[in-house]
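Q: Please take a close look at the aromatic rings in this model, and explain how they pair and what surrounds them.

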Amino acid sequence: MGEGFEIRIGREAVQFSAAHFLVFGPDSAEAVHGHDFSVEVAVTGNLLDPGWVMDFLVLHRFVQEIVEPLDHKVLLPAKNPWLRLEMLGDELVRASLGKWSWQFPAVHCFLLPVCNVTAELLAQYIGGILKGRIEAELPGSMERLRVEVFETPHYSARWTYVRQEGESRC
Ligand SMILES: Nc1nc2c(c(=O)[nH]1)N=C([C@H](O)[C@H](O)COP(=O)(O)OP(=O)(O)OP(=O)(O)O)CN2
C-alpha cells in the first residue's frame, strides 16, 4: 500500500528577528533592514515506535537551537566575494563594499557561511544543520526534509532534501 507520513512544525512556532542586506555587486547592496523571520520544517520518514516519524518536541527543539543564535543579530554573508569583513580590535566588525562601510558590535553579528543572506540560503543553512541533527537522532529513518524560511507572511523560500536511491541509510 502506498502511504507515508510527514510531520511539520508550523512557522508560528519558530521565529527570529534579524537584520540583513543583500549584496548585488562590488558597489551595490540593499540598505540594512530587518525582518521577523519564521521557519517551517517538515520531515517525512518511517513510522517508528511509538507510532511517530519523530517526536514533535525534539524536532521543535532542534530547529529552535539552530535559529536562536540568529535572533536579534545582524546576519552577515561570510562567503560574499565583494563584501570584506574584518575585526576592528576585539569588539567591532567592519563590513566594506566599494566606497561603503558599516560597523557593528561583534556580539550583535552572526557570520553565516553563505554568499548572500537570502531566504533561500538561510533555509539551506538551517536545513543542512537540521539534517545532521535528525540523522544523528534517527539513523536511516528520514526520507525527506523541507525547511521554509519566511521573510514575511507572503514571501518565503524553501529548501528540500530528498534521500536518493542507494544513499546510505546510516
Ligand atoms: N527570492 C528572494 N527574493 C528576495 C529576497 C530573498 O531573500 N529571496 N530578499 C529580498 C530583500 O532582502 C528583502 O526581502 C527586501 O525587504 P523589504 O525591502 O523590506 O521589502 P518588503 O516588500 O518585504 O517590505 P516593505 O518594507 O513592505 O517594502 C528581496 N527579494
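A: What follows goes through the ring pairs, then the charges placed over rings, and then one serine.

The model is a predicted one, and with ring centres required to lie within 6.5 Å of each other, the count comes to four aromatic pairs. In the pair of F16 and F37, the ring centres are 4.9 Å apart and the planes meet at 15 degrees; because planes under 30 degrees apart count as stacked, this pair is stacked. F16 belongs to strand 2 (residues 15-20) whereas F37 belongs to strand 5 (residues 33-45), so the pair ties together parts that are 21 residues apart in sequence. Both partners are buried: F16 has a relative accessible area of 2%, and for F37 the value is 1%. Elsewhere, one aromatic cluster is formed by F21, W100 and W102.

Rings also appear as partners of charged side chains. The charged end of R11 sits over the ring of F150, at 4.4 Å from the centre of that ring, and K131 lies over the face of Y161, with 4.6 Å to the ring centre.

A further residue to consider is S96, which is found in strand 8 (residues 92-97). Its relative accessible area is 18%, and because buried means under 20%, S96 counts as buried. Once its neighbours within four places in sequence are left aside, S96 is in contact with W82, L83, R84, E86 and S101.

Technical notes: Residues are numbered from 1 along each chain as its sequence is written. This is a predicted model: local features need pLDDT of at least 70, side-chain atom pairs count only at pLDDT 80 or more; totals for chains, interfaces and linings use all residues. Side-chain values use heavy atoms; hydrogens and water are left out. Rings of Phe, Tyr and Trp (its six-membered ring) pair if their centres lie within 6.5 Å; planes under 30 degrees apart count as stacked, over 60 as edge-to-face and the rest as tilted. Helices (H or I, at least four residues) and strands (E, at least two) are DSSP runs, numbered from the N terminus. Buried means under 20% relative accessible area, exposed over 50%, partly exposed in between (1.4 Å probe, protein chains only). A charge sits over a ring if NZ of Lys or CZ of Arg is within 6 Å of the ring centre and within 35 degrees of the ring normal. Contact means heavy atoms within 4.5 Å.
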